Amino acid sequence: MNESMDRLMERLGYQFKNPDLLKKALTHSSFANESRKGIDSNERLEFLGDSVLGFVAAGYLFRHHQGPEGELTKLRAALVCEKALHAYSLQLGLGDHLRLGKGERLTGGAQRPSILADAFEAVTAAIYLDGGLDAARRFLLRFLEAEAAQQTRRKFKDYKTALQEIIQQNPEESLDYVLTGESGPDHDKKFTVEVHLNSNVIGTGQGRSKKEAEQGAAREALKLMGYDDK
């Protein structure tokens with residue numbers, strides 16, 4: 001194994017017992033097709049890696065994120081979509097190590113999101129085959145945890161919408177925002193709002209406007225329900 005691959009294994013955080021698995025994971029079909037040595041591409045590893053990735057992501061979300069099945073499904077999809085896998089590959093610098101056919105390399109294959117996403121899946125499978133599920137899980141969790149936190153922050157920029165999406169899964173439930181306080185001079189008002197689920201207060205918020213207070217109340221309600229934006 002050359003120095004370049006040694007550096008890659010350091011970034012992966014995993015030392016291969018069988019480095020040929022990593023080599024295969026980085027071999028695009030264009031390279032295999034141009035080779036006269038009967039080299040296998042990473043396509044079969046992609047297939048396996050996709051399943052390992054989905055399983056580890058589902059397990060992580062089940063253990064660490066509250067919410068109904070629909071919410072978990074959406075979040076899992078965000079963690080394992082091509083855009084996310086492309087970003088993970090960029091963090092690892094996988095494009096620098098891909099074995100591509102001449103034409104594919106000349107047309108920018110080493111930067112193509114679909115190729116990099118596929119390579120990430122293949123590397124995941126290679127680690128799984130070489131070191132087992134625990135090794136693959138350790139490799140993946142640093143990416144999945146960071147992306148889940150980012151997705152959660154993005155989702156909770158609008159707390160009212162997030163709360164409404166959760167509540168509307170139960171048609172018999174209804175939300176109401178009730179102004180319960182208003183103080184201060186006109187140029188420096190402070191509003192207090194409660195959010196009611198049916199007749200129960202599930203959150204209270206304050207702000208310089210009614211909208212800001214409503215967002216605060218929705219945020220408190222989400223925390224009460226086990227959701228958090230931190």
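This report covers the nonpolar cores, one pocket, the strand pairing and two loop residues of a predicted model.

**Nonpolar cores**

The largest nonpolar core holds 46 residues. Those with the most contacts inside it are Phe-16, Leu-22, Leu-94, Phe-120, Val-123 and Phe-139. Seven helices are listed as giving two or more residues to this core: α1 (3–12), α2 (19–25), α4 (43–64), α5 (69–80), α6 (82–92), α8 (113–131) and α9 (133–155). The top contributor is α8, with ten residues.

Take Val-123 as a sample of the packing. Leaving aside residues up to four places away in sequence, Val-123 touches Leu-12, Leu-22, Ala-25, Leu-26, Leu-94 and Phe-139. Leu-22, Leu-94 and Phe-139 are also among the residues with the most contacts inside the core.

Another core lies apart from this one. This other core has 14 residues, including Ala-162, Ile-167, Val-195 and Leu-222.

**The second largest pocket**

The second largest pocket has a volume of about 220 Å³. Its lining comprises 14 residues. Nearest the centre lie Ala-84, Ala-87, Tyr-88, Glu-147 and Gln-150. By class, the lining divides into seven nonpolar, three polar and four charged residues.

Both α6 and α9 supply at least two lining residues each. The most comes from α9, which gives seven. These two helices also appear among the elements that give two or more residues to the largest core.

**Strands and hairpins**

Strand β2 (residues 190–197) pairs with β1 and with β3. Its partners run antiparallel to it: β1 (residues 175–183) is joined to β2 by eight bridges, and β3 (residues 200–207) by seven. The table gives individual pairs.

| Residue | Opposite residue | Strands |
|---|---|---|
| Ser-183 | Lys-190 | partner in β2 |
| Glu-182 | Phe-191 | partner in β2 |
| Thr-192 | Gln-206 | partner in β3 |
| Val-193 | Gly-205 | partner in β3 |

Six of the eight residues of β2 are buried, so this strand is largely enclosed by the rest of the structure. In a regular strand, side chains alternate between the two faces of the sheet.

Each pairing also forms a hairpin. Between β1 and β2 there are six residues, and Gly-184 in that turn has a positive phi of about 90°. Between β2 and β3 there are two residues. There, Asn-198 takes a positive phi near 60°.

**Two loop residues**

Asn-198 sits in the loop between β2 and β3. Its phi is positive although Asn-198 is not a glycine. Is Asn-198 buried, partly exposed or exposed? Its relative accessible area is 34%. Buried means under 20% and exposed over 50%, so Asn-198 counts as partly exposed.

Gly-13 belongs to the loop between α1 and α2. Its relative accessibility is 65%. That value is over the 50% cut-off, so Gly-13 counts as exposed. How far apart are the C-alpha atoms of Gly-13 and Ala-135? They are separated by 9.6 Å, while the two residues lie 122 residues apart along the chain.

Technical notes:
Residues numbered from 1 in each chain as written. Predicted model: local features only at pLDDT ≥ 70, side-chain atom pairs only at ≥ 80, totals over all residues. Heavy atoms only, no water. Core = buried A, V, L, I, M, F, W, Y, C linked by side-chain atoms within 4.5 Å. Buried < 20%, exposed > 50% of the residue type's maximum accessible area, 1.4 Å probe, protein only. Helix = DSSP H or I, 4+ residues; strand = E, 2+ residues; numbered from the N terminus. Contact = heavy atoms within 4.5 Å. 1 Å grid on protein atoms, 1.4 Å probe; cavity = no way out; pocket = protein on both sides within 12 Å on 5 of 7 lines; lining within 4 Å. Points joined across faces, edges and corners; volume = space filled by probe spheres on them. Nonpolar A, V, L, I, M, F, W, Y, C, P; charged D, E, K, R; others polar. Pairing = 2+ DSSP bridges.
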